[in-house]
Amino acid sequence: MPSSPTVAADQPPAAVPPTGRDRRADLTVLIVAVALAVWVTSGLWRDPNNRAITVNSSDQALFEWLLAFGANALTHGENPLFTHLINVPDGVNLAVNTSITVYAAVFAPLTYLIGPPATFLVILTLNLAATALAWYWLLSRHLVRSRLAAGVGALFIAYSPGMVAHANAHLNWTAGWLVPLLAQGVFALRRPGRWLRGGVVLGVLVAVAFSIAAEGLFFTALALAVFLAVWALHPARRAEARAALPTFLRGLGVTALVAGVLLAYPLWLHFAGPQRFHGTGFDPGIHSEDIAAFGAFPRRSLAGAAGWGTSLAPNPTEENSFFGLPLLVLAVVCLGVLWRRATPGRRATLAALGVTAALFAVLSWGPLAKWDGRRTGQLLPFGVLDNLPVVNAALPSRLALVVAPVIGVLLAYTVDRLRATPPRRGAVWAWVAGFVAALLPLLPTPLLTSARPPVPEFITAGTWRQYVSPGGVLTPIPLTLDVTPDGQRWQAYALAHRQGEFRLPAGFFLGPGGPDGRGRIGPPPRTFDTLMDQAGRTGLVPIITEGSIRLARADLRYWGVQAVVLPDEVHGAKYDLDEDALRRTATALLGAPRRVDDVWLWTTTPAP
């Protein structure tokens, strides 16, 4: 997830060998981080292959497909950033999608061993735990002396409401472990004699981050730039920043060179390659943060379980703030106490953190302000930026994710200060009560999961190869889209089990074809898929004419479809579908099907 940078304290912890107590603290944080990650994802661990995240099963199917496709591309020497396996005949530019190329390559052996659904679950769980551990490393080794302070800050950041919300199937946004590594890499560039090595390391890390979470990398870079500007312009740090600037710029130049070389082809595909688009089709007015959401509680939390959650987010995966009023009050108190006792140098750090959090919070409100679900009509700064390149491809509500690490750092700084100079006993209990009241309601609860139909035996047994030539086109009905992701799940199974390749005429992806040159989900609809969609949604067979039959069959010829497949149960990611209406509609268009294994099958060409 994107996050705000952290900074070195005025006097960072001395590099001394860890004591036995420190090692026990490290082990405790490790155990808690892993336990919370397993707890949040526990619903999927019951049966990874046949359960899905209830509120976002479509994205889960997409990431499972990306893992299988990436592994197949790696082992077959194919292009991992462009594919013709979906969206026949045009293909899909994965560089402008979330391709998670590094994950697909690193976890390819696991994907082949245990399958895409289980590998997806492993990565999701590791993402959450690794985010906590990476932030703990940065805090405990570079920012605070107290292991307790580092643990409090790191665990809050890793299991903040935004991270738990994006754990609803987003392997990109839950890769929050990248952010502290990027932040520390940037700040390390100012060290004399380290700019070359640091620049190379940071350049590689930038390339990795781009391949996993390009939007998150963009937000992180913006947050770091804002933080550095405020910190460097503060009177207490101005001379230090000026002295470090030449070394820093040399390191940044090396970073740009290394990342540019590694990302030359992906960036070309992203901005100039085939099937590219400019901006997404998502409405920034809808996908912006409600101002009241900052003081609200998330649904997947103890507060939400108690009935205090709200529906102020556009969907359950985008609860990007939802800190709750007690935590907001605690964060302001922490900032005030730290500011009052800070040296001028530390005040530069606190000012930079505060400005970064405030700016990204305001930008997350989108082009027009919303309060408690109602638009106020008040124009906001994001409206000025929305048409800028790259910015127009970002969802403003996700900018609120930057605020969580700022709060986590403030919590860590405060606990560290309290450990170093303990207040009176009464004040200690007041602080403990404040932290409990702010953090306990946000303790995450497991993600909602539900059963999904298994991959049909027609696919798992490899029967499909009797009806589709190698590299030929097969389509389920309805066609594969974000709301009907079955086809990509089937294709992922076939790729991961080395059955060979079949292609799909549609798919869940972002591609061209949206209004004003923007992107859209899936290809523009045609007659065949429109009729099937209507039948599945309504449960009624559309009026079928000779003209619609000709157009539907022309669509199948355009795609080169050899086999049309309807399983007994179709998975609708957002709504239930009527399988009987689908079968009757396909029969009216294509004639009577045959029963093969556990599916209804229509063939449009002789069996290979």
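Biologist: How many bridges join strand S10 to strand S12?
Modeller: Bear in mind that this model is predicted. Strand S10 spans residues 561-567, and strand S12 spans residues 599-603. The two strands run antiparallel. The number of bridges joining them is five.

Biologist: Which residue of S12 stands opposite Leu566?
Modeller: Take two residues of S10 in turn. Ala563 faces Thr603 in S12. For Leu566, the residue opposite in S12 is Trp600.

Biologist: What is the order of the strands in this open sheet?
Modeller: The sheet has four strands, and their pairing is mixed. Its edge strands are S7 (473-476) and S11 (594-596), each pairing on one side only. Neighbouring strands are turned by 35° against each other on average, direction ignored. From one edge to the other, the order is S7-S10-S12-S11.

Biologist: Which residue in the turn between S11 and S12 has a positive phi?
Modeller: S11 and S12 run antiparallel, joined by three bridges. Val596 stands opposite Val599 in S12. The two strands form a hairpin with two residues between them. The turn residue with a positive phi, about 55°, is Asp597.

Biologist: Which helix gives the largest share of the largest nonpolar core?
Modeller: That core has 131 residues. Those with the most contacts inside it include Tyr103, Phe120 and Phe502. The largest share is 13 residues, and it comes from helix H6.

Biologist: How many residues are in the other core?
Modeller: First, one residue of the largest core. Leu327 is among those with the most contacts inside it, and Leu327 touches Phe156, Ile407, Leu411, Ala438, Leu439 and Leu442, leaving out residues up to four places away in sequence. The other core lies apart, with Ala535, Val564, Leu566 and Ala581 among its members. Its residue count is 24.

Biologist: At what angle do the axes of H9 and H10 cross?
Modeller: Two packed helices are described by the angle between their axes and the distance between the axes. The axes of H9 (residues 178-188) and H10 come within 9 Å. The crossing of H9 and H10 is right-handed. The angle is roughly 65°.

Biologist: Which residues of H9 meet H10?
Modeller: On the H10 side, the residues met include Leu202, Val206, Ile212, Thr220 and Phe227. On the H9 side, they are Leu178, Val179, Leu181, Leu182, Ala183, Gly185, Val186 and Phe187.

Biologist: With which side chain does the side chain of Glu215 make a polar contact?
Modeller: Glu215 sits in helix H10, residues 195-233. Leaving out residues up to four places away in sequence, Glu215 touches Trp173, Ala393, Ala394, Leu395 and Arg398. The polar contact is at 3.2 Å, and the side-chain partner is Arg398.

Biologist: What is the omega of the peptide bond from Ile477 to Pro478?
Modeller: Start with another proline. Pro89 lies in the loop between strand S2 (82-83) and strand S3 (92-93), and the bond from Val88 to Pro89 is cis, with omega near 5°. Pro478 lies in the loop between S7 and helix H20 (486-496). The bond from Ile477 to Pro478 is also cis, and its omega is near -5°.

Biologist: Is Arg498 buried or exposed?
Modeller: Arg498 is in the loop between H20 and strand S8 (510-512). Its phi is near 55°, a positive value in a residue other than glycine. Exposed means over 50% relative accessible area. Arg498 has 55% relative accessibility, so the answer is exposed.

Biologist: What does Gln275 count as, at 22% relative accessibility?
Modeller: Gln275 lies in the loop between helix H12 (264-272) and helix H13 (302-305). Its phi is positive too, near 60°. Buried means under 20%, and exposed means over 50%. At 22%, Gln275 falls between these limits, so it counts as partly exposed.

Biologist: How far apart in space are Pro515 and Leu128?
Modeller: Pro515 lies in the loop between S8 and strand S9 (519-521). Pro515 counts as exposed, at 58% relative accessibility. In sequence, Pro515 and Leu128 are 387 residues apart. In space, C-alpha to C-alpha, the distance is 36 Å.

Notes
Residues are numbered from 1 along each chain as its sequence is written. This is a predicted model: local features need pLDDT of at least 70, side-chain atom pairs count only at pLDDT 80 or more; totals for chains, interfaces and linings use all residues. Side-chain values use heavy atoms; hydrogens and water are left out. Two strands pair if DSSP finds at least two bridges between them. Axes are lines fitted to C-alpha atoms, for helices over the stretch in contact, and angles run from 0 to 180 degrees between N-to-C directions. A polar contact is a pair of N or O atoms within 3.5 Å; within protein, one must be able to donate a hydrogen and the other to accept it, and residues adjacent in sequence count only if both atoms are side-chain atoms. Contact means heavy atoms within 4.5 Å. A nonpolar core is a set of buried Ala, Val, Leu, Ile, Met, Phe, Trp, Tyr and Cys residues joined through side-chain atoms within 4.5 Å. Buried means under 20% relative accessible area, exposed over 50%, partly exposed in between (1.4 Å probe, protein chains only). A crossing is left-handed if the near helix is turned anticlockwise from the far one by less than a right angle, and right-handed if clockwise.
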